[in-house]
Amino acid sequence: MSVDFWQNDLETLDRQSLEALQLELLKSSVDQALQAPFYKNRLKKTGICSGQDIKSLDDLKRIPFTTKDDLRESYPRGMLAVDQEQVVRMHASSGTTGKPTVIYHTIKDIDVWADLVARCVLASGAGKNDVFQNMISYGLFTGGLGFHYGAERVGMMIIPSGTGNTARQIKLMQDFSSTVLHATPSYMLHVNAKLIENKIDPKSLALKKAYLGAEPYSENTRKKIEKMFDIDIYNSYGMSELNGPGVGFECVHKCGMHIWEDCYILEVIDPDTGENLKEGEQGEMVFTPLRRQATPLLRYRSRDLTSIIPEPCACGRTGRRIARITGRSDDMLIVSGVNVFPSQIEEVLMKIPEVGTNYQIYLENKGALEKMVVKVEIYSKLFEGSAAALDKLKAKIREEIKAQVVLNPLIELHEPGSLPVYELKSKRVVDNRIKL
Ligand code: ADP
Ligand code: ZN
């Protein structure tokens, strides 16, 4: 399989050269961070007065973590490390878990970011002959513009359709023969449902690939969507604090997301103790962006949980890969004392063939008694069958979930299109529990 690289030298650096480069860039990132009021203050207690105080990558541990709360508290300009006249853009996170955070960019920041996204496009085997339909929101959210600039740099023809208006999205796909889509996995499932509803065979479109990210999804969801459309799905990871898309991306081997380690130092820590974990161990990712001017961040706690896959990848890229993200450290549900991630439920649901394209988890309680209700859309024709068959299906779903997470949920079966649809990030859990 012939694979092109966007920045061959940087993408294939051997470990030793990579770490030497990281050290140099870390020193300059510390210098840059010291230009921001927040870090000037934060680093006072550490004895780090300039980048030259960093002698090895191990010295990174002397720097305290930066958290989302730090960013919020520094709102609006506490993290800004350049003069206002150098700033060309700002973005803000979508605020899934609270008040948004702001990241500023210089021309150089945007330039580096576009290169990282261009690397992702080529890593997936796409290129300038592709028609790229960007079904992700343009605006303060980083997904739309972030991917747009990288795709344009590669020379793809971009359809900047943004989110929503599914009928129009489908028409654009048909009329302009889109070959690559960018969307959230939940929206991609919704597009499939709409195609079926309109009696359009998803496999009849010109599509070859889709980049799905912005929210967790399981390997079974990937397989399900790949089969529905007969395309390849590539997992895409990013967050606005780290620019947006273009932090981690899968290559044609689809076996974990390469991190562009010449631009980000990645650590995985135990979220409770803050201790560094070994490769392969599951924990929270901590990132230090290495080439940022306007909003440098040092040891930023992502709250996203996964592990590093240390084995080299057949594509030749040397940036280590991360496994699928199981959720955020604050996503974990505790139901009747059992720890469960919504992604575990999804993993089970998406391998059951009768299950359609949408589901939602409701949590309720009666006093101390907690209950999980899983609402699942199933294909319409199943409702034409007997009540006994539906009961059997419910029991099957319940048993499979029980085997995975030890909880005994109530299962509700719904018609396609009856559960809420989200164009960007989906809300999978509705917690109606009254705190005692
Ligand atoms: P917010 O934090 O407000 O949701 P962002 O838009 O920056 O704002 O979202 C970034 C978050 O989205 C990540 O921290 C992660 O939790 C989630 N995310 C992004 N891409 C993926 C992915 N491929 N798999 C799982 N989760 C993802
Ligand atoms: Zn690879």
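Biologist: Which side chain meets Glu284 in a salt bridge?

Modeller: The general idea is that side chains of opposite charge can pair when their charged atoms come close. In this predicted model, the partner of Glu284 is Arg301, with 2.6 Å from N to O. Glu284 lies in strand E11 (residues 283–289) and Arg301 in strand E12 (residues 300–306), so the salt bridge ties together parts that are 17 residues apart in sequence.

Biologist: Are Glu284 and Arg301 buried or exposed?

Modeller: The cut-off for a buried residue is under 20% relative accessible area. Glu284 has 1% and is therefore buried. Arg301, at 18%, also counts as buried.

Biologist: How many salt bridges does a search of the whole structure find?

Modeller: The search finds 31 salt bridges. One of them lies within a helix: Asp69 and Arg72 meet at 3.2 Å, N to O. These two residues both belong to helix H4 (residues 68–73) and are 3 residues apart, about one turn of the helix. Asp69 is partly exposed, with a relative accessible area of 42%, whereas Arg72 is buried at 14%.

Biologist: Which residue forms a salt bridge with Asp111?

Modeller: Asp111 pairs with Arg153, and their closest N and O atoms are 2.8 Å apart. Asp111 is in helix H5 (residues 107–123) and Arg153 in helix H6, so this pair ties together parts that are 42 residues apart in sequence. Both ends are partly exposed: Asp111 has a relative accessible area of 30%, and Arg153 has 33%.

Biologist: Which residues are linked in a network of salt bridges?

Modeller: The network links Arg15, Glu19, Glu261, Glu279 and Arg320.

Biologist: I turn now to the rings. How many aromatic pairs does the count give?

Modeller: The count comes to 9 aromatic pairs. Phe147 and Phe249 serve as an example: their ring centres are 6.1 Å apart and their planes stand at 50 degrees, so the pair is tilted. The reasoning rests on the cut-offs, since stacked planes are under 30 degrees apart and edge-to-face planes over 60.

Biologist: Where do Phe147 and Phe249 lie in the chain?

Modeller: Phe147 is in helix H6 (residues 142–154) and Phe249 in strand E8 (residues 248–250); the pair links distant parts of the chain, 102 residues apart. Phe147 is buried, with a relative accessible area of 0%, and Phe249 likewise counts as buried at 0%. Ring pairs link both residues with Phe132, Tyr211 and Tyr234 into a cluster.

Biologist: Which charged residues lie over the face of a tyrosine ring?

Modeller: Arg89 lies over the face of Tyr149, at 4.8 Å from the ring centre. Lys375 lies over the face of Tyr362, at 3.9 Å from the ring centre.

Biologist: What does the domain assignment give for the protein chain?

Modeller: The assignment gives domain 1 (1–330) and domain 2 (333–431). Their C-alpha centres lie 30 Å apart. The contact takes 29 residues from domain 1 and 18 residues from domain 2.

Biologist: What area is buried between domain 1 and domain 2?

Modeller: The size of an interface is often given as the accessible area lost when the parts come together. Here the area buried between domain 1 and domain 2 is about 1800 Å², with carbon and sulfur atoms giving 56% of that area. The count of salt bridges between domain 1 and domain 2 is 0.

Biologist: I should also like to read the backbone. Which residues have a positive phi although they are not glycines?

Modeller: Among them are Ser177, with a phi of about 50 degrees, and Val406, with a phi of about 65 degrees. Ser177 lies in the loop between helix H7 (166–176) and strand E5 (180–183) and is partly exposed at 37% relative accessibility. Val406 is placed in the loop between helix H11 (387–405) and E20, and is exposed, with a relative accessible area of 66%.

Biologist: Which residues does a cis peptide bond join?

Modeller: A cis peptide bond joins Tyr75 and Pro76, with omega about 0 degrees. Pro76 lies in the loop between H4 and strand E1 (87–92).

Biologist: With which residues is Pro416 in contact, leaving aside its neighbours within four places in sequence?

Modeller: Pro416 is in contact with Glu377, Ile378, Tyr379 and Ser380. Pro416 lies in the loop between strand E20 (410–414) and strand E21 (429–431), and is partly exposed, with a relative accessible area of 40%.

Key:
Residues numbered from 1 in each chain as written. Chains lettered and ligands numbered in written order. Predicted model: local features only at pLDDT ≥ 70, side-chain atom pairs only at ≥ 80, totals over all residues. Heavy atoms only, no water. Phe/Tyr/Trp six-rings, centres within 6.5 Å; stacked < 30°, edge-to-face > 60°. Helix = DSSP H or I, 4+ residues; strand = E, 2+ residues; numbered from the N terminus. Buried < 20%, exposed > 50% of the residue type's maximum accessible area, 1.4 Å probe, protein only. Lys NZ or Arg CZ within 6 Å of the ring centre and 35° of its normal. Salt bridge = Lys/Arg side-chain N within 4 Å of Asp/Glu carboxyl O. Domains from an automatic or database assignment. Contact = heavy atoms within 4.5 Å. Buried area = accessible area lost by both parts, 1.4 Å probe.
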